[in-house]
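User: I've got a new model to go through before I head back to the bench. Could you put it up and talk me through it?

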Amino acid sequence: MAAPAEATTQAEVGHEPGHASFPPFDTSTFPSQILWFAVVFGGMYYYLSRRFLPAVGNVIAARRARIAKDIDEATAMQTQADQAAAAHEKSLAQARLNAQATAQAARDRIAAETDAKRKALEDQLAAKMAEAEGRIAVNRNAAMANVAGIAKDAVGAIVERLIGRSPDQAVVAAAVDSSSRA
Amino acid sequence: MAEAGPAINPIEQFELSRFLPITVGQHHYDVSITNSTIFMILAGAATLWLMSLTARGSLGVPGRLQSLGEMAYEFVEGMVRSAAGEEGMKFFPLVFTIFMFITMANLIGFIPYSFTVTSHIIVTVMLALIVFFTVLIYGIKKNGLHFFKLFVPSGVPIYILPLVVAIEVISFLSRPLSHSVRLFANMLAGHITLNVFGGFVVMLLGASAAVKVVAILPFAMTIGLDALELLVAFLQAYVFAMLTCMYLNDALHPGH
């Protein structure tokens, strides 16, 4: 069915049937190809340049703008977060510093109080000790004075027993004093 | 040749067949709707469909096809910007249309039993002439006579200048030829090669059982060539678009 039609069309354009020339160089087909190429290419160019390419360009540009905006926002938020973290870090450090200062003050105050108490106690004790020492010294002096008197009495009694008479008080006192001093 | 069957005629795939015969004018120009027409329309429709989908796409995460459309957009955008500069962006729709038309035509032509629009030289010549005349007309409109500085490179000694100018003019005029033949020849040769090796497979399978095993060799070759041709299909579209950008750069900045 197709073969006779082809044969007639080829006969129309002046080819010997069955011996078609190399098709790309067959000039009889050129008008058709030129016309339809022009129609198709023109149509493509018209729709692409007027409608689709600007629209695609807009889509791509809009997406780029959106991505850039998102990145900017993310960067801003990141900066904000960094700032918040820094502020938090700072307040934390401040609080730690305050806490340390308070603790130090309390420690100092307690130490001062303890020192004062201990000092008062020590003073008190020292006073008591001094008083006691004073009393001891008085007692000892008194005792020592008594010792001299006793020694003189004893010397007088011993000498009276040895020699049969009571010795001169003054001599006895001088002798006792000199021997106790030696 | 008739006995060998259609499988080994590698030229047959380039033949046009009329679906709807139309003639116009006194001279009865044949502007029939052919298989080439259908595949041109398919390439254009595929491009417009992809880009309309991309244009209506989401501003958030794009889908697969939207990504593809945006990739094509940014690929060509980068190409134009790097080769022709910021000023060259006014030609971005043109370069994009050229690139997508060639890419789609090449890739659709890859499907078995389909037709490769770019394997016909008249189509690639039309593409190249669009670029050539855009460069010429825009270059003269924008730069006036300065445009012809393009043919006079600076720093050339005066006594060889005529020769250099002649060479530059010839090279400028031969641009559409090399521009179009490169794409045409690549697509034509690739499809012929694929068809020849595919034909070998069919021929060998038609032979005796012992010979059938040998069919593996051209079959493996066909697979390798398929991969290569897929690369070429994309690469030639890229090369064509890239050269377009460089020629447009001449129109924008002659005298470099």
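**Loops, chains and core**

User: B:H28 lies in a loop of chain B; between which strands?
Analyst: This is a predicted model: local features need pLDDT (the predictor's confidence in each residue, from 0 to 100) of at least 70, side-chain atom pairs count only at pLDDT 80 or more, and totals for chains, interfaces and linings use all residues. Residues are numbered from 1 along each chain as its sequence is written, while chains are lettered from A and ligands numbered from 1 in the order in which they are written. Helices (H or I, at least four residues) and strands (E, at least two) are DSSP runs, numbered from the N terminus. With those names, the loop holding B:H28 runs between β2 (23-24) and β3 of chain B.

User: Is B:H28 buried or exposed?
Analyst: Buried takes 20 or more other C-beta atoms within 10 Å of a residue's own, exposed takes 12 or fewer, and partly exposed is in between, with C-beta atoms placed from the backbone. B:H28 isn't a glycine, yet it has a positive phi of about 55 degrees. Because it has 11 other C-beta atoms within 10 Å, B:H28 is exposed.

User: What about B:Y113, buried or exposed?
Analyst: B:Y113 is in the loop between α3 and α4 of chain B. It's another non-glycine with a positive phi, here about 70 degrees. Since it has 5 C-beta neighbours inside 10 Å, B:Y113 counts as exposed.

User: What order do the elements of chain B follow?
Analyst: Chain B adds up to eight helices and four strands. Buried residues are 34% of its 256 residues. Along the sequence the pattern is β-β-β-β-α-α-α-α-α-α-α-α.

User: And in chain A, which element has the lowest mean pLDDT?
Analyst: Chain A has three helices and zero strands, and its mean pLDDT is 85, with 88% of its residues at 70 or more. Residues 1-19 stay under 50. Where pLDDT is low, the predicted coordinates should not be read in detail. α2(A) has the highest mean of the elements, 93, and the lowest, 43, belongs to α1 (residues 2-12) of chain A.

User: Which element gives the largest share of the side of chain B that touches chain A?
Analyst: Counting a contact when C-beta atoms, placed from the backbone, lie within 7 Å, 40 residues of chain B are in contact with 35 residues of chain A. Two or more residues each come from β3 (29-30), α1 (35-55), α2 (64-84), α3 (92-108) and α4 (121-143) of chain B. The largest share, 11 residues, comes from α1(B).

User: How many residues on that side of chain B are charged?
Analyst: Here Ala, Val, Leu, Ile, Met, Phe, Trp, Tyr, Cys and Pro count as nonpolar, Asp, Glu, Lys and Arg as charged, and the others, Gly among them, as polar. The side of chain B that touches chain A has 22 nonpolar and 14 polar residues, and the charged ones number four.

User: How far apart are the end C-alpha atoms of α1(B)?
Analyst: The buried residues of α1(B), including B:F39, B:M40 and B:A43, pack against α2 of chain A together with β4 (33-34), α2 and α3 of chain B. The expected span of a helix is 1.5 Å times one less than its number of residues. For the 21 residues of α1(B) that should be 30 Å, and the end C-alpha atoms agree, at 30 Å.

User: Which element supplies the largest share of the largest nonpolar core?
Analyst: A nonpolar core is a set of buried Ala, Val, Leu, Ile, Met, Phe, Trp, Tyr and Cys residues joined through C-beta atoms within 7 Å. The largest has 55 residues, and those touching the most other members include B:V76, B:V95 and B:F101. Both chains supply it, with α2 (30-163) of chain A among the elements giving at least two residues. The largest share, 11 residues, comes from α3(B).

User: Which residues does B:F96 contact beyond four places in sequence?
Analyst: B:F96 is in helix α3 of chain B. It counts as buried because it has 27 C-beta neighbours inside 10 Å. Leaving aside neighbours within four places in sequence, its contacts are A:L48, A:L53 and B:V76.

User: And which residues of chain A does B:F101 contact?
Analyst: B:F101 is one of the core residues that touch the most other members. Beyond four places in sequence, its partners in chain B are B:A43, B:G44 and B:T47, and those in chain A are A:F41 and A:M44.

Technical notes
Contact = placed C-beta atoms within 7 Å.
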